[in-house]
Amino acid sequence: MSRAGLSRQLLHIGRAAGKGSRGDRVRYVALLTAAFVLALSALAGLGVAASYAGRDARDRARATDEVTAGQRATVLWRPKYDAVGDRQHQVIFIAPLSPTAAPPPGLPRWPAPGEAFLSPELARAGAAEHIATRYGRPAGTIAPAGLASPTERLAYVRPARVDVRSDEWFRTPGFGRADPARLGESADVRPMAQFLLALGGLVVLPAAALVVIAARCGSAGRDRRTALLQALGGGRRHRALVNCGEAIVPLTLGALLGTLPYLAAMIHDVRLPFVGYLVPSADLRAYAAWTPVVTVAAIAVALALVVGLHRVDRTGRSTRPRSFADSVPRWRLWLCAAMAAMFGASGYVRGMAGTWLYAVGTVGLWATVPSLAAVAGRGLGARLAAVGRRRGRVSPLVAGRWMVAHPGVMVRLATAVIIGAGLVSQTQTWVSRLNTPALEARASVARIGDTVVRVDAADLRPDRTAAFARALPPGFTVLGLHESEGGGSPVLSANCRTLRGLGLPCTARPAAVAPSGADDPRVRELSRWTGSSGDPMRVVGTDGAGARPAGRPSALVVFADPARRGESWRVRQAAYAAFDWPRTERLGELWLTGLMRNVAMGQWVLLLGTAGLVILMLAAAVSAVAEFLRFGPALAPVGVQSGKQRIFVFVALWNLTFPMAVATVVGVAVASWHGLYFIATSHDGHFSWTVMGVAAAVGGCLALLVGLTGGLSAIRAARRWRPAGD
Amino acid sequence: MDDIVRRPLLEVAGLCYGVGGRPILRDLGLGLAAGESIAVTGPSGCGKTTLLMALLGLVTPDSGTVTIAGTDITRLSARDLAAHRRAHLGVVFQFGELLPELSPVENVALPALLGGTRAGRAYREAARLLADLGVPAAETPTGALSGGERQRTAVARALITRPGLLLADEPTGALDGDARDVVADLLFALPERHGCALLVVTHDEAVAARADRRLRLDQGRLAGAAA
């Protein structure tokens, strides 16, 4: 037979052998799922590369440079910051100096004076805050070509009044620069290498682990086949071809299915959960030619793993997942207890030592939990068997005895669930951590909401301030804030009627108002944020007896009546209408927006970590079902004699679902305690019961799915069982 | 009593079965009464196990009937067949097919428990059968039993539901020497002790010689074998 003919024949043999083997369907589905996950995670890497390339190109196209000698300025340009909710965004003020100057990328034309172009995401996120009219008349949306990503919040604003001589403007020759300074969203983006490293560690590695487990699913039969092929004179290539023939169909099918979500993301911008990031479909399309390359590479890697994991075992010992016949060494349990104690003590130790105790205790606790799970699994199995025996219930009796004899099945499941719940809970808790000012800012928001807004602007002329005050509806009160550059506490100024309305004294000389001395909660908060304990905020009347003109304030403070809570957007809108590039912020807002950057990064870790953990749990589940398949034929004779096939499902439910459900409950309980203890001792962060609820629901569903799959697969294996005495 | 003995507990008539156009069982007929034993012998591949599977209802014959305790099992639905098997049939497999993680008592009690017998009664009956069949320590782990003890435990498991018909598939195939003789003697004493019918499939002529009747399966047909 020719070499090609033999290869075809061997591939065909492999395919036929796979169809008839025990647990063939489980392995088929496992390989298909593994290839799906591997291809999808590899394509996610391609998507990251495509997004970064697109972002870089657009960043270069929209970047500007200051004019140098000999260059002619055609554009006035000035970036500022604003916020919607707790998320900061950039507002870029622009104006053309020449009628031929090209508008920024993404804009079909220059906005007219007093007009603004917003990014679609900013328009969507700020709809409740009437963002469309905050910076002027809406001119339209910024096209994708002008945005770092579809998720970017950005505004291009052309002020109604432009003083071309103002030093506040940057003068540029136009848009486009080879080495851009990062603007907008790009300023907060981590380098691509870091992102790919996180994706690789948190998602691609677990995906590869899933391929390994799927490849070894029901390996006993294949190991015998490999040995037989070798005995018959088959070389490495022949054995590889048979293994490829068996695995190539599910792997190809799985990888092709894995491309479907990616292809969907190439058609439409898809929003990712947790982070809310819109995957830029146009960028993915630009890298479309790489999609088949990456898909084929994923199939090749999976096939290489399948072949590499079915080498002839020269030692003669099987490479099947071994069952845990030996008892767990006692020192491991002591180590687990020591790690728990170390974690517990970390709450009482300050500084770096406390952080180290926490980190080592946490990692050590998770690392030693499998030993505890093995002991607990055996104990649980023994009790289950005892109950089954006492009550004459076959399923718990058999399942309990199997748990005692093979606790590895349960340990893998429990470890995945417990570590999964722990990691998700810890990431969530750390992400929710605040620094002290941010903590105070959040407390301020909880007490007074957005009823105090500070407005800073370079041109707080009396006429503009008056126009600003007139633009606000009833229920808003405008006060001046005077901050001297030479130090000293800031002075709040207003007429006596306004001051008395806020419960403040009206004196000709500035009078100190400590937070504790103010009746109005808004004044208390303002005093907290503008003064210090040794140098409290002061108040002065502008129209009382002996009053002197307070002069132009350095900032304005707007108090809203409690009935106007949630309407700070009116203040921002009025400020942008009255002043040139104002900065408006709720008390402590800068701390909260700064914090959100860290939160956003934590949410990426949460997204990638959760994806990786779901894959790991899937791997543990596949491994458990595969091992359970070994038990199916053991029960088959009893099934034949008794005619009761439901026993397979019940034993699987007891053997797989029950311990996994217990592990989920224990894992969620331990993770909740872990997170709550951390919060209680650090007085920081908040615990998300929603995240824990989702983890519990995923664990519960997976437990049921694993049990039913195991049971039904065992029924199928048992149906094929025949007495082989002939 | 005479009436019961005369009326066959197992009656096979016109049984035909083939795979891929190759006939394995051809117009096969057989009758077996309570208290009687039959040994079916024949060369490897002659269809002994197929015959056993047809008697268990694990394969559906192309034609013919298999009547057990007055009911033709080839016409039964899967559920009724399972119930009929539970009520009338006991099986001993070549390798015992016990669960090594369970004790012998638990292994023996399994079919009774699955049939709805109360736990206490099932375990008592299992212990009694094991003692009867000479399995020494009923609570020894099954994995620690000798081959002969494991096979005797399998016999006890087949007997616990008090079946009218006991089928044994190469019951001594995995044993040799004394162990084989002990198990064979025990099996063929069962029809007399328990009043059941026994059909043993074996290729071991010495074992078959203990049966009341010996039949030889050749070319898909059963014929009386020389003693």
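Biologist: How much area does chain A expose?
Modeller: This is a predicted model, where local features need pLDDT of at least 70, side-chain atom pairs count only at pLDDT 80 or more, and totals for chains, interfaces and linings use all residues. Side-chain values use heavy atoms, without hydrogens and water. Accessible areas come from the Shrake-Rupley method with a 1.4 Å probe, and for residues only the protein chains shown count as cover. Carbon and sulfur atoms supply 63% of the exposed area of chain A, which is about 32800 Å².

Biologist: What share of the residues of chain A count as buried?
Modeller: Buried means under 20% relative accessible area (1.4 Å probe, protein chains only). Of the 726 residues of chain A, the buried share is 50%.

Biologist: How far apart are the centres of the positive and negative side chains of chain A?
Modeller: Lys and Arg count as positive, Asp and Glu as negative; His and the chain ends are left out. Each charge is placed at NZ of Lys, CZ of Arg, CG of Asp or CD of Glu. Chain A has 82 positive and 43 negative side chains, and the two centres are separated by 16 Å.

Biologist: How much area do chain B and chain A bury between them?
Modeller: Buried area is the accessible area (1.4 Å probe) that two parts lose on being put together, summed over both. Carbon and sulfur atoms hold 60% of the total here, which is about 2800 Å².

Biologist: Which three residues supply 23% of the area that chain B buries against chain A?
Modeller: The contact (heavy atoms within 4.5 Å) takes 28 residues from chain A and 35 residues from chain B. No other three residues of chain B supply more of its buried area than B:Leu99, B:Glu101 and B:Leu114.

Conventions:
Residues are numbered from 1 along each chain as its sequence is written. Chains are lettered from A and ligands numbered from 1 in the order in which they are written.
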